[in-house]
Amino acid sequence: MLKSSYLPALEWLATQQKDMLALVMRWAAINSHTFNLDGMKQMKSALKETFQVFQEEIEDIDLPPMEFINSKGHSEFKSLGSAIKLSKRAHAPLQVLLVIHMDTVYPVDHPAGEVKITEENILRGPGVCDAKGGIAVLFKALEAFERFPENENVGWTVVINPDEEVGSHGSLDFLKKVAQNKQVGLLYEPCLPSGDLVGARKGSGNFTLIVRGRSAHAGRDHHLGRNAVDALAKCILKISGLNGSRPGLTVNVGIIEGGQALNVVPDFALARLNVRVEREQDEDYVLTAMKFIINEFSKFDGISVGIHGGFFAPPKTLKGKTLTLLKSFQSCGQDLGLNLNWQPSGGVCDGNRLLSFGLPNVDTLGVKGGATHSPNEYLYIDSLVERAKLSALFLMKLADGTIKKI
Ligand SMILES: [Zn+2]
């Protein structure tokens, strides 16, 4: 049974669908691919315009550039957009951190299509679900919470970062800093298409294997060459063999590059791979195993193999305060007539990173939808209000002590 003090904020939210839809349509029409810095600036101004309703200073947080290994095997840096941050009641006894990303996976020339309502209750468009719908949910939940008279015990900080889709390398240090002295983390990634939340998540690492050999004329001097493509192919077969060697461990060789012409023994080849683990201790296991394989190949005359990269998100294991938080959301869901459960996922998000900084969190409080990262991405329009109510109710219960201190 819902306390009557919660009703005005929840009833107000019930009138906000049109407004939320308009916000998502406006934001999704801006291309905010991680490396489209112009689009990112536009997205940031649009967000600032909306969030100024809280009458708090909105800070721009500049981020360091992101390092990556180019197709020649050399280190390069890519500039990132800046994050935004705003806080309210920073001295309240309970502090909540709300995080979501403004970047999407769709480059400027991607044929992701326009933003439009294609069927009753379905909005399609790039980033509508992941995660611009989530930004609208976060925003309206806070607006509703600010209408709750007993909110003074809970202060909040919003961070919207520009690089989650590429692993949050630039925003990592800032997230770590801002997670200090917070008790609860709320993240607005989409929930699962069934409406369930995500519980445990795997950890993830990206690696680049670089093989250098010796070039030679493929006809005249083949015996003098040392074929880097050949060595790389054999090496990645060994590394792929690590798949399943620990429960839930996956190795995905996603990209290979190398060679220039058919009559040249190639002296360079590169492979990019992603590794996922269920348990933190398997990070060391897989790193040691990969290094062993690489050393074996480096013993071949004229061949050297190097590896760059590492784990950028530790596994998110479901226990302690994170499990308690999920149960609190399940109970808020019941109050609103939602039957919420949670499922494990192989995907990673900033929820993995915040937990590794000691901040318990629930990370799928955004909209219900699907086909994310594809041209068919969609969201269920009625989930905008539904999920905003869920977060607002949680915050109200936290503030009036119905949910005990996490
Ligand atoms: Zn996302």
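Leaving aside its neighbours within four places in sequence, which residues is Ala-371 in contact with? Keep that in mind; the tour will come back to it.

**Before you start**

You are looking at a predicted model, in which local features need pLDDT of at least 70 and side-chain atom pairs count only at pLDDT 80 or more, while totals for chains, interfaces and linings use all residues. Residues are numbered from 1 along each chain as its sequence is written.

**Stop 1: the two domains**

Colour residues 4–201 together with 316–399 as domain 1, and 203–313 as domain 2. These bounds come from an automatic or database domain assignment. The C-alpha centres of domain 1 and domain 2 are 36 Å apart. At their meeting place, nine residues of domain 1 are in contact with 11 residues of domain 2; two residues are in contact if their C-beta atoms, placed from the backbone, lie within 7 Å. On the domain 1 side, the touching residues comprise two nonpolar, six polar and one charged. Here Ala, Val, Leu, Ile, Met, Phe, Trp, Tyr, Cys and Pro count as nonpolar, Asp, Glu, Lys and Arg as charged, and the others, Gly among them, as polar.

**Stop 2: strand β11 and its partners**

Now select residues 203–212, which make up strand β11. Helices (H or I, at least four residues) and strands (E, at least two) are DSSP runs, numbered from the N terminus. Eight of the 10 residues of β11 are buried; a residue is buried if 20 or more other C-beta atoms lie within 10 Å of its own, exposed if 12 or fewer, and partly exposed in between, with C-beta atoms placed from the backbone.

Add β15 (residues 268–277), which pairs with β11 in the antiparallel sense over 10 bridges. Two strands pair if DSSP finds at least two bridges between them. Look for Arg-212 opposite Phe-268 of β15. Then show β16 (residues 304–313), joined to β11 by nine bridges, again antiparallel. Here Leu-209 faces Ile-307 of β16 as its opposite number.

**Stop 3: the six-stranded sheet**

Next, display the open sheet ordered β1-β4-β8-β5-β9-β18, whose pairing is mixed. Its edges are β1 (59–61) and β18 (361–362); each has a single partner strand, so one side of each is left without a neighbour in the sheet. At the β18 edge, two bridges hold β9 (residues 184–187) and β18 in parallel pairing, with Leu-186 and Val-362 as bridge partners. Add helix α10 (residues 382–399), which packs on this sheet and touches β5 (94–101), β8 (154–161) and β9. The direction of α10 makes about 145° with that of β8, where axes are lines fitted to C-alpha atoms, for helices over the stretch in contact, and angles run from 0 to 180 degrees between N-to-C directions.

**Stop 4: a helix pair**

Select α1 (residues 7–14) and α4 (residues 128–146): their axes come within 9 Å and cross at roughly 140°. Show the side chains of Ala-9, Trp-12 and Leu-13 in α1, which meet Lys-140, Ala-144 and Phe-145 in α4. By class, this contact has five nonpolar, no polar and one charged residues.

While α4 is on screen, find Ala-131 within it. The peptide bond from Asp-130 to Ala-131 is cis, with omega near 5°. Most residues other than glycine have a negative phi, and most peptide bonds are trans.

**Stop 5: two positive phi values**

Is Gln-55 buried or exposed? Gln-55 sits in the loop between α3 (37–51) and β1, and counts as exposed because it has 9 C-beta neighbours inside 10 Å. Its phi is positive, about 55°, although it is not a glycine. Ser-168, in the loop between β8 and α5 (172–179), also has a positive phi, near 55°. With 28 C-beta neighbours inside 10 Å, Ser-168 counts as buried.

**Stop 6: back to Ala-371**

Finally, show the open antiparallel sheet of four strands, in the order β6-β7-β20-β19. β6 (116–119) and β19 (369–370) are the edge strands, each with a single partner strand, so one side of each has no neighbour in the sheet. Two bridges join β19 to β20 (residues 378–380), and Gly-369 has Leu-379 as its bridge partner.

Ala-371 lies in the loop between β19 and β20. Leaving aside neighbours within four places in sequence, Ala-371 is in contact with Asn-376, Glu-377 and Tyr-378. Ala-371 counts as partly exposed because it has 14 C-beta neighbours inside 10 Å. For a last distance, the C-alpha atoms of Ala-371 and His-217 are 48 Å apart, with their positions 154 residues apart along the chain.
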